[in-house]
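Hi everyone, thanks for coming along. Please have a look at the sequence and the structure before I start talking.

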Amino acid sequence: VQPEVLIAQAALETGWGRKVIRNADGSNSLNLFGIKADSRWAGERASVPTLEYENGVATRQRATFRAYESLGAAVADYVDFLKGNPRYGQALEQAADGDAFLHGLHDAGYATDPKYVEKIKSILEQGPLGEEITALKNSSQVPLT
């Protein structure tokens, strides 16, 4: 998956870091991708109010999300979560195409927001991230490796 797609998804899920999921003690859950904690999750959890869409109607609910000890653990779990769920197989098969990947995630039920893909694409195309991506793509400089 293109790194900028993952950054935009994390930006949406965390409100650019302003709406992070908090643990009961107020600490950051480090849940960058809004992954919920179901019965299969053995790690720490954070329960917070959330907005979910049912039949296109937004409703407030309380949901339990995964909490992580590090950002690296959050990213690794996101990868494992997608790879371990067959319903995301089609999205992963299209990982090289950011738009197709996002539509695949949404179609598989990753997010209930009917505008989820549009919101991530807006982050990618507009604002600071979009400007930086455009500048990098138009740059004649070779990135450092």
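I'll go through the helix packing around α5 and then turn to the pocket.

A quick word on the basis: this is a predicted model, where local features need pLDDT of at least 70 and side-chain atom pairs count only at pLDDT 80 or more, while totals for chains, interfaces and linings use all residues. Residues are numbered from 1 along each chain as its sequence is written, and side-chain values use heavy atoms, leaving out hydrogens and water.

Let's begin with α1 and α5. Their axes lie 9 Å apart, at an angle of about 115°; axes here are lines fitted to C-alpha atoms, for helices over the stretch in contact, and angles run from 0 to 180 degrees between N-to-C directions. The two helices are therefore roughly perpendicular (65 to 115 degrees). On the α1 side the contact (heavy atoms within 4.5 Å) involves E4, V5, A8, Q9, A11, L12 and E13, and on the α5 side Y116, K119, I120, I123 and L124. By class, that contact has eight nonpolar, one polar and three charged residues.

Now for α4, residues 98–107, which packs on α5 at about 150°, with the axes 9 Å apart. That makes α4 roughly antiparallel to α5 (over 145 degrees). From α4, D99, L102, H103 and H106 meet Y116, V117, I120 and K121 of α5. Here the split is four nonpolar, two polar and two charged.

So which residues lie nearest the centre of the largest pocket? They are E13, T50, L51, E52 and F65, out of 31 lining residues. A pocket, on a 1 Å grid over the protein atoms alone, is an open set of points where a 1.4 Å probe fits, with protein on both sides within 12 Å along at least five of seven lines, and lining residues have an atom within 4 Å of a point. The volume is about 860 Å³, meaning the space filled by probe spheres set on the points. β1 gives the most to the lining, with six residues. In the lining, 14 residues are nonpolar, seven polar and ten charged.

Conventions: Helices (H or I, at least four residues) and strands (E, at least two) are DSSP runs, numbered from the N terminus. Ala, Val, Leu, Ile, Met, Phe, Trp, Tyr, Cys and Pro count as nonpolar, Asp, Glu, Lys and Arg as charged, and the others, Gly among them, as polar. Angles under 35 degrees count as roughly parallel, over 145 as roughly antiparallel, 65 to 115 as roughly perpendicular and the rest as oblique.
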